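I opened this notebook to keep a record of what I looked up, entry by entry. The topics are a pocket, some backbone details and a pair of helices.

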Amino acid sequence: MTILGDLGAASFLPWIRRHADRLGLAQTVSHADDERIELELDGPEELIDMMEVGCLLGPIDVWVETIGREPLAVQTS
Amino acid sequence: MTAQTTLQQAMPHQAPPHQAPPHQAMIDEWYPVGLVSQLDRSGRHTALMGEPIVVSGDDAGNPLVTGGNGRILPVKVRYGHVWSSLGTPTKDIFSIPEADQPGRRFVDVGVVRVRCSPLRAVENFLDIAHFPFVHTDVLGAEPHTEVQNYTAEIRADVDEVWATQVKFYQPQASKSASGGITTEYMYRVPAPTCSVLYKTCPPRPSEWDVITLFVQPLAEDLCDVWPWMALFDDETSMTDLIHFQQMIFLQDRSILENQIPRLLPLDPGMEIPTRADLTSIAYRRWLKRHDYTYGAQLVAR
Amino acid sequence: MRSDTTGFWTPVALSADLPAGTVIPARMAAGTIALWRSQTGHIAASADRCPHRGMSLSHGFVRGEVLSCIYHGWSYGRAGNCLRIPAHPGLTPPDAIRVVTHDVRDTGGIVWVASGIPAGDPPDLDGFTPLRSLTADADRAALALAAGAQADEDGRLVTNIAGQDLCLLLADQPEGRTLIHVLVRSGSDAAARIAASRSVERLRRMAESASHKGGVQ
C-alpha cells in the first residue's frame, strides 16, 4: 500500500501501527518520508480495504492525497 | 454533555466575541433557517452556530433574518426554504438542476430537531449499510446486507463530495414502489451541512428522484434538520410522502442521538471504517481540507 | 472510600429484570455498559459503544448467543469478539475487532459487574431475596442518614424499618443519584413484600427532601 500526501507529522506512523493492530493486520513499513509511506500488509482483502479507508483520513495533522495498492509477489517456500 | 441540550442552554448569553471565531470557514456558508411557507410577522426564534437569530416575513412574504444585536443577515430563498448566513458567503447556494424539471413535485417535510452534531446528521444521511437494521423492511432487509463496491470522491471541478454507482436491494424503496428492487443511488455533498441524494425513480426509470437533507447548525451538538424532496410521483398524497420521509428520519434520529462521541470525529482512531463507509470518509476528508470543523472532533479520544 | 485497588463489584440489576434475549444499559463507575442475556441465559457485559462508528450497543438486539449493534448490525459474542460485519459477509472478522467486556456474576438474584479485577466474589446475600430496583435523587450519604445505617464496602445497607429487615444494595449514579436494589427476607409473603416496597419509597422521599432535590421537579 502506497500512501501519498502531506505525511510529515510524527503522529502518522504510530497512528498507522495502532490502526493495523486494531484490525489484527500484520504490517511492515518499508518506506517512510514526508510525502510517501509504503506499507506491506498481509490479510484478507476486506481488512486491507479497512486499513486503506482508515488511512485515507488518518490523524488531523496529516493530509493523504491518494492511496494505491499492489499485490506483493507471492512468497514461495 | 448532559441529556437535554435545549436551545436555551446552547446559546450564549452575550453577543458573540469580536475576535475571529475558530470556525470562520463555516461561518461564511449558507444554512437553512426556515420554511418559506411558514414565514410570519412575529418570526421564528432560532439560532445559527450559537448566535440567536429571528426569521420573519413581511406582509408581501419577503423574508428577513436578524442576528444578535439586531444586525441584518444575508438572506435567500431556495428550494422552499429560507437560507441565511452569519458571515459573507462568496458563493451562491448550490444548484440542483433536477429541481427545475417540469412535473416535479416538491415536498417540504418540515423540521426535526436532533441532539447531535450537524455533521453527524449529514454523515448518517450518506450511509446505506444501516438500511436493513434501522429502516427494516422499508429501505433494506436481512439477509440483503452486503454493500457492494461503489465510487466516492471529492470532485475537484465543483469541489463537492460525490458517491456514484451505489446499489442496494430494497423490499420497498419508496411510497411509489411496489415490491423489491435494486435501487441505485448517487450521493452529493455541496455544502458542509447539506446533502443531496439521487435515487432510482420507479415511475420514470431514466430519471432520478431527489431527496435532500438541509441541516441548520444550532450548536456543535444540536441541529434542526430540514428534509426536502423533488420527486416524480403523481399518485402518492402529499401527506403520505411527508409521513414516509418523517418516519425514515425519526428512525435515524434514534441513532444520531446515541452515538459516541457526539461530535463527528475527523480522526478515525477510535473507529473501524470499512469500504462500505467510503462516502462518510470522503465527506470527512472534504471537511478536513476545508477546515469545516464546527461540530467536529479533531483528535480521536 | 474503597481501600483495595484491584477491582470491585457493582450491583447493576435484578437478574429477573434481564430476560433472555434482551439488552439494557447499566451504569458503572467508569461509564455505561451494555448488559445482555443470551438466549441460553448467559449474561455478558460489554462497553456501551460499538467500535465501528460509536453507536450505543445497549440500543442493539440479542439473537441467540450474539449481541448486535442496531446501526449496521455488527455482531459480538459474549467474550466481546466481533463475529460478523453484515456489509461484508465474506469476511471472518479477526479477533482483534472486539468490544471490551467485564466479568459478570449472577448470584442471589442480583447481577454484579466487575470493574477491574475484584479480589473475590460478590458478597453473599445471606437469606435475603431481591424484590425490586428503584432510583433515588439522593446520594448514599442522604440515604444512610434516612435509613439510620451506613452502607458497607459493597454498597450493602442493612436496616430494619417497622419491624421488617431490609437489605438495600446501593449503586452510585451520575448527578448525585443512587440506584437501590431492595431485598427482603427470603420467604416473605406478599403483604411483607408490599410493606417493604412502601418503606423504601418512604425512605427515598425522606432522603430526597433532606437533599433539597427530587420530589416536585
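The entries below follow the order in which I looked things up.

**Entry 1, the model.** I note at the start that this is a predicted model, and I read every value below as computed from it.

**Entry 2, the largest pocket.** I began with the volume of the largest pocket, which comes to about 1,400 Å³. I then looked up which residues sit closest to its centre: of the 42 that line it, these are I260(B), R27(C), T32(C), D48(C) and P174(C). Turning to secondary structure, I found that the elements giving two or more residues to the lining are β1 (7-14), β2 (22-28), β3 (31-37) and β15 (178-185), which belong to chain C. Which element gives the largest share of this lining? That is β2(C), with five residues. Sorted by class, the lining of the largest pocket holds 19 nonpolar residues, 13 polar ones and ten that are charged.

**Entry 3, cis peptide bonds in chain B.** I came back to I260(B), listed above among the residues closest to the pocket centre, and looked at the bond that follows. I260(B) is joined to P261(B) by a cis peptide bond, for which omega is about 0 degrees, and I placed P261(B) in the loop that runs between α5 (238-256) and β15 (264-265) of chain B. I also recorded a cis peptide bond from E142(B) to P143(B), with omega near 5 degrees; here P143(B) belongs to the loop between α4 (131-134) and β9 (151-155) of chain B.

**Entry 4, positive phi in chain B.** The loop between α4 and β9 of chain B also holds D137(B), a residue other than glycine whose phi is positive, near 65 degrees. I found a positive phi of about 55 degrees at D159(B), which is not a glycine either, and this residue lies in the loop between β9 and β10 (160-170) of chain B. Is D159(B) buried, exposed or partly exposed? Its relative accessible area is 24%, and because buried requires a value under 20% and exposed one over 50%, I logged D159(B) as partly exposed.

**Entry 5, a helix pair in chain C.** Last, I looked at how α1 (residues 140-147) and α2 (residues 190-210) of chain C pack, and noted an angle of about 120 degrees, with their axes 8 Å apart. Since roughly perpendicular covers 65 to 115 degrees and roughly antiparallel begins over 145, I class α1(C) and α2(C) as oblique to each other. The crossing of α1(C) and α2(C) I entered as right-handed.

Note on methods. Residues numbered from 1 in each chain as written. Chains lettered and ligands numbered in written order. Predicted model: local features only at pLDDT ≥ 70, side-chain atom pairs only at ≥ 80, totals over all residues. Heavy atoms only, no water. 1 Å grid on protein atoms, 1.4 Å probe; cavity = no way out; pocket = protein on both sides within 12 Å on 5 of 7 lines; lining within 4 Å. Points joined across faces, edges and corners; volume = space filled by probe spheres on them. Nonpolar A, V, L, I, M, F, W, Y, C, P; charged D, E, K, R; others polar. Buried < 20%, exposed > 50% of the residue type's maximum accessible area, 1.4 Å probe, protein only. Axes fitted to C-alpha atoms, helices over the stretch in contact; angles between N-to-C directions. Parallel < 35°, antiparallel > 145°, perpendicular 65-115°, else oblique. Left-handed = near helix turned anticlockwise from the far one by under 90°.
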